[in-house]
Amino acid sequence: MILTNRSAAYIALRRYVPGAHDAQQATKANKQNWKAYSRYAMCLLGMAPRKFRTKQAIQALQTCLECSSLPENKKSEVETGLMKARARLEQQDADVCYVV
């Protein structure tokens, strides 16, 4: 719980790397902590855009949706984040340039 809350504080300060670390540690401590998965994804998407981060964010949001502790009224918010992350990944795939 403390790590999840501190992750939220880091997000508010736009300190995504320590926020991601705390959120990831919180997911390891409690596999049903939907807030930790959501905040981990937010941190990853807040960092410099890299394809591997986007993929990790998608995985975190998918896991978040599977959490039994996810309240029904937060489900659409997580689904929207997942949709945006998938759109980002599609854009990143389209932006790949091949040099001949």
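Q: Where in the chain is the place of arginine 14?
A: In this predicted model, arginine 14 follows just after α1. At 67% relative accessibility, the residue counts as exposed, because the cut-off for that class is over 50%. The place of arginine 14 is in the loop between α1 and α2.

Q: What phi does arginine 14 take?
A: Most residues other than glycine have a negative phi. Arginine 14 is not a glycine, yet its phi is positive. The value is about 60°.

Q: Which residues of helix α1 are buried?
A: Helix α1 comprises residues 2–12. An α-helix has 3.6 residues a turn, so residues three or four places apart point the same way. The buried residues of α1 lie on the same side of the helix, because they cover an arc of only 115° around the axis. They are Thr4, Ser7, Tyr10 and Ile11.

Q: Which exposed residues does the face of α1 turned away from its buried side carry?
A: The buried side of α1 is covered by elements that include α2 (16–29) and α3 (34–46). The face turned away from that side carries exposed residues. These are Ile2 and Ala12.

Q: What is the orientation of α1 relative to α3, roughly parallel or roughly antiparallel?
A: The two helices pack with their axes 10 Å apart and at an angle of about 25°. Angles under 35 degrees count as roughly parallel, so the class of this pair follows from its angle. The orientation of α1 relative to α3 is roughly parallel.

Q: How many residues of the contact of α1 with α3 are nonpolar?
A: From α1, the contact draws on Thr4, Asn5, Ser7, Ala8 and Ile11. From α3, it draws on Lys35, Ala36, Arg39, Met42 and Cys43. Three of the contact residues are polar and two are charged, and the number that are nonpolar is five.

Q: Which handedness does the crossing of α3 and α4 have, left-handed or right-handed?
A: Helix α4 (residues 51–66) packs with α3 at an angle of about 160°, with the axes 8 Å apart. That angle makes α3 roughly antiparallel to α4, because it is over 145 degrees. The crossing of α3 and α4 is left-handed.

Q: How many residues of the contact of α3 with α4 are charged?
A: On the α3 side, the participants are Trp34, Tyr37, Ser38, Tyr40, Ala41, Leu44 and Leu45. They meet Arg53, Thr54, Gln56, Ala57, Ala60, Leu61, Thr63 and Cys64 in α4. The contact residues divide into 10 nonpolar and four polar, and the number that are charged is one.

Q: Which residues are in contact with aspartate 22, leaving aside its neighbours within four places in sequence?
A: Aspartate 22 lies in helix α2. Its relative accessible area is 3%, so the residue is buried, the cut-off being under 20%. Leaving aside its neighbours within four places in sequence, aspartate 22 is in contact with Leu3, Arg6, Ser7 and Tyr10.

Q: What distance separates the C-alpha atoms of histidine 21 and tyrosine 40?
A: Histidine 21 has its place in helix α2. With a relative accessible area of 45%, histidine 21 is partly exposed. Along the chain, histidine 21 and tyrosine 40 are 19 residues apart. Their C-alpha atoms are separated by 7.9 Å.

Technical notes. Residues are numbered from 1 along each chain as its sequence is written. This is a predicted model: local features need pLDDT of at least 70, side-chain atom pairs count only at pLDDT 80 or more; totals for chains, interfaces and linings use all residues. Side-chain values use heavy atoms; hydrogens and water are left out. Buried means under 20% relative accessible area, exposed over 50%, partly exposed in between (1.4 Å probe, protein chains only). Helices (H or I, at least four residues) and strands (E, at least two) are DSSP runs, numbered from the N terminus. The arc is that of the directions from the helix axis to the C-beta atoms. Contact means heavy atoms within 4.5 Å. Axes are lines fitted to C-alpha atoms, for helices over the stretch in contact, and angles run from 0 to 180 degrees between N-to-C directions. Angles under 35 degrees count as roughly parallel, over 145 as roughly antiparallel, 65 to 115 as roughly perpendicular and the rest as oblique. Ala, Val, Leu, Ile, Met, Phe, Trp, Tyr, Cys and Pro count as nonpolar, Asp, Glu, Lys and Arg as charged, and the others, Gly among them, as polar. A crossing is left-handed if the near helix is turned anticlockwise from the far one by less than a right angle, and right-handed if clockwise.
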